[in-house]
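Me: I'd like to go through this one and check each label against its cut-off. Here it is.

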Number of protein chains: 2
Amino acid sequence: MPHRQMVMQRARGLEWVGPTHVPMLAIAGDSAAGKTTITRGLVQALGGNRITSLCSDDYHRYDRTERKTLPFTPLHPDCNYLPIMEQHLQLLALGQPILKPVYEHATGQLVRPILVEPGDFVIVEGLFPLWSKLSRACFDVTAYLDLPESIRRDWKVRRDTSQRGYSPEQVLAELERREPESAAYIRPQRAHADIVIRFSPIPGREDRDEPLSALLLLRPTIAHPDLGDILGSDTRDAIHLKLLRDDDGKPVDALHIHGYAEPEHSREIQERIWAHLEVDEPLPDSLGVVGEGARSEPLAITQLILLYHLIQATQH
Amino acid sequence: MPHRQMVMQRARGLEWVGPTHVPMLAIAGDSAAGKTTITRGLVQALGGNRITSLCSDDYHRYDRTERKTLPFTPLHPDCNYLPIMEQHLQLLALGQPILKPVYEHATGQLVRPILVEPGDFVIVEGLFPLWSKLSRACFDVTAYLDLPESIRRDWKVRRDTSQRGYSPEQVLAELERREPESAAYIRPQRAHADIVIRFSPIPGREDRDEPLSALLLLRPTIAHPDLGDILGSDTRDAIHLKLLRDDDGKPVDALHIHGYAEPEHSREIQERIWAHLEVDEPLPDSLGVVGEGARSEPLAITQLILLYHLIQATQH
């Protein structure tokens, strides 16, 4: 926090004012990486009246028709009002309302803006929340969704054909066209996340009808719950914690939650993490809902860790 | 300035940063009071690349269709995003860009917002720029257009029937409907202006084909150019300065510019006011243009006084 506060204070003439600071969570990641699913469960956990969620896709600078004549995709910074996104993140962190632009995914149009007033907590998910030092400084906890490309491709085809009116061929061609800008502008945000989240099947179990497993890299950039007390490092356990080196050689705690983890076991772990917060409220039971009644324990624990940090940010 | 700076610093966690302060002029007044005409000449005088002008009508909260079901008119504060307007005024004063909402008068619709970056100067005209202490604190000079109601009615009927698709009966009915809110929310802003501007015919000369005269009440809230050196107080002079009490009993300098003032005389006065600024640029010749080649010396001098204050604000 002290470092982030200083970044804010140097930035652009806007000042961080202690008492009005609103705890904020960023969930960055490429298109169709699962950001909305994670966010939805967190909003349900705390209630829509207490938590405000927004998507940075709304800061698209051009509509779908205009983009056809432009040499870049929505993954390019110039295709977005990123300085305005940064400004709005700062204002929300200061407890101020914003008039947020609105991009309609169904039609590809930019429409009239809407008033957004920060609740007790703010979640910002999208392509660019960790884009700049200034934007990162607005958050108490930052996550990056690092899905294997093959799974993300499947998810994106399924969603964009069913909800956004594209054909599968169009989605695949668009993914191809976006690849260089994803590499240049989206994936580098992984380096700036406190938590890197990777959902994937366990090798050899791809064909089983079970939720994807989760690997959470917990970087020592923020104070994580003390999982060493709760979990062992035996990789045969469905939920375990291991000390690893990340791809960049830096040390991380790697929390594995296998898709076949038993709900009772998962619940026990969640209760113990939750107890660390010493809050009066019970552990929310909306965590882990994938849709249509299906549950995922890896998702539940992922959401709980994020929720832990949001609530912890109110306690300083 | 020092007082205004303090107001800004107390306000909402946003801080006034000295070097990035952008000189700002407010032109408040009711609908069809001539705000746009005054603004246009000022923008031409300094050039659209140096001056940014915006209209606070864009902060309407509801579109024309929605307003039909609501118990108030656009003159009601609740019909506008005034806290967002205040926020945007502060950001512009700090040299920051804004994503400004857009209300289309021709269609009555709210459409996608646009990026506005402050130039060397900013003019904000509209119904509400002097609405709150915070909004007023953003400006270096504030003006209120206090047109006689009969003239304003004629102007509004002419404009709204030709440009906004209304019938004369609709415009008059709307004026009737707006009257209580104009009295409650718009006209009180007059009290907070550094300059009150009143265009009107001289009694007995209403039928002559000459521009309206102007009466400028110059309140001692800012440092006006020293007109005592330039002008006498003889009311038979086409341009003269008199010490008066305003309707509220407070002392003001009243600058009269009669519609029949000779262009040469007006020009001489303007040159002498301009010389006070000690700038290298010549007196702009876009001042006083009413449209289609017609000129008004009262308008020219009014615009010059406003321009004087904008430029003076760069010299502190």
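Reply: Start with burial: a residue is buried under 20% relative accessible area, exposed over 50%, and partly exposed in between (1.4 Å probe, protein chains only). One thing up front: this is a predicted model, where local features need pLDDT of at least 70, side-chain atom pairs count only at pLDDT 80 or more, and totals for chains, interfaces and linings use all residues. Residues are numbered from 1 along each chain as its sequence is written, chains are lettered from A and ligands numbered from 1 in the order in which they are written, and side-chain values use heavy atoms, with hydrogens and water left out.

Me: Why is R112(A) called partly exposed?

Reply: R112(A) has a relative accessible area of 23%. Partly exposed is the class between the 20% and 50% limits, so R112(A) is partly exposed.

Me: What makes the contact between E66(B) and R112(A) a salt bridge?

Reply: The term asks for a side-chain nitrogen of Lys or Arg within 4 Å of a carboxyl oxygen of Asp or Glu. For E66(B) and R112(A) the N to O distance is 3.0 Å, so the pair fits the definition. The pair crosses between chains, with E66(B) in helix α3 (residues 64-67) of chain B and R112(A) in strand β4 (residues 109-116) of chain A. Helices and strands here are DSSP runs numbered from the N terminus (H or I, at least four residues, for helices; E, at least two, for strands). E66(B) has 29% relative accessibility, so E66(B) counts as partly exposed as well. Over all chains, the structure holds 44 salt bridges.

Me: How do you know that K156(A) and D160(A) are about one helical turn apart?

Reply: Both sit in helix α6 (residues 149-163) of chain A, and they are separated by about one turn because they are 4 residues apart. Their side chains meet in a salt bridge at 2.7 Å, N to O. K156(A) has a relative accessible area of 3%, so K156(A) is buried; D160(A) is at 4%, so D160(A) is buried too.

Me: Why does D146(B) count as buried?

Reply: Because its relative accessibility is 16%, and buried means under 20%. D146(B) lies in the loop between β6 (141-145) and α6 (149-163) of chain B.

Me: What does D146(B) touch, leaving out residues up to four places away in sequence?

Reply: R190(B), V196(B), I197(B) and R198(B), where contact means heavy atoms within 4.5 Å.

Me: What makes D146(B) and R190(B) a polar contact?

Reply: Their side chains come to 3.1 Å. A polar contact is a pair of N or O atoms within 3.5 Å; within protein, one must be able to donate a hydrogen and the other to accept it, and residues adjacent in sequence count only if both atoms are side-chain atoms.

Me: How do D146(B) and R198(B) pair up?

Reply: They form a salt bridge, with the closest N and O atoms 3.1 Å apart. The pair links distant parts of the chain, 52 residues apart, with R198(B) in strand β7 (residues 195-200) of chain B. R198(B) is at 30% relative accessibility, so R198(B) counts as partly exposed.

Me: Why is strand β5 (residues 121-126) of chain A said to be largely enclosed?

Reply: Because 6 of its 6 residues are buried. Side chains alternate between the two faces of the sheet in a regular strand. In β5(A), F121(A), I123(A) and E125(A) are buried on one side, and V122(A), V124(A) and G126(A) are buried on the other.

Me: Which strands pair with β5(A), and in what sense?

Reply: Strand β1 (residues 24-29) of chain A runs parallel to β5(A) over 5 bridges, with E125(A) as the bridge partner of I27(A). Strand β2 (residues 51-55) of chain A is also parallel to β5(A), joined by 5 bridges, and there S53(A) is partnered by I123(A). Two strands pair if DSSP finds at least two bridges between them.

Me: What about β3(A) and β4(A)?

Reply: Strand β3 (residues 98-104) of chain A pairs with β4(A) in the antiparallel sense over 6 bridges, and L99(A) has L115(A) as its bridge partner. The two form a hairpin with 4 residues between them, and G108(A) in the turn has a positive phi of about 75°.

Me: How do you know that chain A agrees with a compact globule?

Reply: The radius of gyration is taken over C-alpha atoms, and the globule rule is 2.2 Å times the number of residues to the power 0.38. With 316 residues that gives a value near 20 Å, and chain A has 19 Å, so the two agree. Of those residues, 56% count as buried.
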